[in-house]
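Trainee: I would like a close look at one part of this model. Please take me through the interface of the two chains, and then what lies behind it.

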Amino acid sequence: MPGLNDFLSRIQTDHAFYLQFRKNPQEALTPYELSSEERAALMDSGSQLSARLGEVVFTLTGTKNFVSLGSADWQFDPAAALRRPEIQESIAQIRNVTTNADRLTPVLALIEQVG
Amino acid sequence: MSPTYQTEDSLPFDIAIVGLGIVGIHQITREVEETIRRCRHTFVIDSGFGVVPYLEGICPEVTSLFSFYEKGKQRLPTYRRMAAEVINAAITCSPVCFATYGHPLVYCYPAVLIQRAAKLLDLQVETFPGISSLDTLFVDLGIDVAADGLQMYEVTDLLLRRRPIQNDVPCVLWQLIAIGEPNYQTDRISAERFLPLQDYLLEFYPPEHPIILVTSKTFPLLQSTVKKYRLGTLAADLEHGPQVGNLYIPAVRSREVRDHKLLEKLTARI
C-alpha cells in the first residue's frame, strides 16, 4: 500500500488529486497507509504538517546570493574582460584540455576572475 | 516503465537558466518544463519535496547542486563552483540547464556568474523566469504595489551601505536568514544579530510601526505564514520567530500629490 512519500509526490505531480484532497481529504487519503500522526499532520496544513514535512522537505533557507563587500562591478563588460591576460590564459587552458575533469579547474579559475 | 526524453541537439542556446518557483512542481511554468525536457543535463538547486525526482523523469541527467552548500563554509566559493559545473558541462554536452528554486535572476549569484563566463566562451544563454518569493509575498499579503510603489534591498547590503529608505514607499528586505553572515548557516539567529537592523530601521520609522515577516509556503499543502511585529521590538521578536522569509515594511503614509496641474489634467478627462 502506498505511504506518505507516495502521497506527497502525487500531491506535487497530479493536480486533480491535489484538488480532490483539498475538497475531500478523508476520501483522497483512503488508498494510503498512514499512521494516525501522519494523517493528522496532513489535515493540519499548519505547524504539524510543516514539522512533518520538515523531515522530508527542505525549507528554502539556502540563499543563492551574496553581498558585494567591495566595489564589485555589476555592469560586466565582456570586451574589457577579454583583454585581461589572466582571462585569456584561462580561456586558452579551457580550450586545450579534453576531459571534463581536467577542464573544471580552468573553468573555475575563469569564474573566479569574473565574479 | 523508463521515461522517454526529448533532448534536442540543435536548440538556440547552449545553456538555459530557469526558475522553478517556490512551491515545487506546481509552480514550474510550461515554458520552463518544455526547456528542461529538451536539455541533456539539468543542474538543480531546489530540495523541495519531489522536485529532483520529477526533473529526473523529464531530463536524462540531473545533478543536484545542493551538496555544494556546506554549513559554516563561505557562500561565494560555493556559488562559483555551482557555476563552473554548469559551464563545464555546456562546453561538451550542450544544451544544459541551470534550474533553481524561485526566479533565476532574483538574488541568484550563480546565474550571474554563468552569464558572464558564457559570454567569454561564446556560449549562448537563454533565461526563463520563475515565480519568485516576491511574487508569492504579494499573494501572501494580498497587496498590489500599484498604490505606493515598492523598494527592496538585501538586508545585509542595506546595513553595509546605509542605503536610504523612503518611508512613504513600502519596503521589502531580502535574505533575513543571511543577515551579516557570509557563510552558509542553518543555526537560529540571536536577537543581537538583528539589533543593528532594528536600530537602522528606527532612523526611518517610528517604534510602533508594523513590520511583517512573510514565509511563503514551499509545499502545496502548507500555509504561508505572515508574522506581524512592531519595529521597536523587532530583534527580540525575530529571535523567536521563523527567521526564514522576507520582511515587508508598509509605508508610513501615502505621498501627497505635488503636481496639481497634472492632476487637474488627469481628472478633467474622468
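Mentor: What follows goes through the interface, then the nonpolar cores, then one buried glutamate. Keep in mind that this is a predicted model.

Start with the contact itself. On one side stand 56 residues of chain B, and they are in contact with 50 residues of chain A. Together the two chains bury about 5000 Å². Carbon and sulfur atoms give 67% of that area. Three residues lead on the chain B side: B:Phe49, B:Leu120 and B:Leu221. They supply 17% of the area that chain B buries against chain A, more than any other three residues.

Now the polar side of the account. The rule finds zero salt bridges across the interface of chain B and chain A. Polar contacts are present, though: eight residue pairs between the two chains, with both residues at pLDDT 80 or more.

Which helices of chain B each supply at least two residues of the side that touches chain A? They are helix 3 (75-93), helix 4 (109-120) and helix 6 (155-160). Helix 3 of chain B gives the largest share, twelve residues. By type, the side of chain B that touches chain A divides into 32 nonpolar, 13 polar and eleven charged residues.

Next, the cores. The largest nonpolar core has 42 residues. Within this core, B:Ile15, B:Ile87 and B:Phe98 touch the most other members. Both chains contribute to the core. From chain A, helix 7 (85-96) and helix 8 (100-114) each give two or more residues. From chain B, strand 1 (15-19), strand 2 (41-45), helix 3, strand 4 (96-100) and helix 4 do so. Helix 3 of chain B again has the largest share, here nine residues of the core.

Look closer at B:Phe98. Leaving out residues up to four places away in sequence, B:Phe98 touches, among others, B:Ile17, B:Phe43, B:Leu65, B:Val86 and B:Ile114. B:Cys108 and B:Pro110 are also among the residues it touches. There is a second, separate core of 27 residues, including B:Leu176, B:Ala191, B:Tyr205 and B:Leu231.

Last, the glutamate in chain A. A:Glu38 sits in helix 4 (residues 36-44) of chain A. Is A:Glu38 buried or exposed? Its relative accessibility is 16%, so A:Glu38 counts as buried; the cut-off for buried is under 20%. Setting aside neighbours within four places in sequence, A:Glu38 is in contact with A:Leu4, A:Glu33 and A:Arg52.

Technical notes
Residues numbered from 1 in each chain as written. Chains lettered and ligands numbered in written order. Predicted model: local features only at pLDDT ≥ 70, side-chain atom pairs only at ≥ 80, totals over all residues. Heavy atoms only, no water. Contact = heavy atoms within 4.5 Å. Buried area = accessible area lost by both parts, 1.4 Å probe. Salt bridge = Lys/Arg side-chain N within 4 Å of Asp/Glu carboxyl O. Polar contact = N/O pair within 3.5 Å; in protein donor to acceptor, adjacent residues only side chain to side chain. Helix = DSSP H or I, 4+ residues; strand = E, 2+ residues; numbered from the N terminus. Nonpolar A, V, L, I, M, F, W, Y, C, P; charged D, E, K, R; others polar. Buried < 20%, exposed > 50% of the residue type's maximum accessible area, 1.4 Å probe, protein only. Core = buried A, V, L, I, M, F, W, Y, C linked by side-chain atoms within 4.5 Å.
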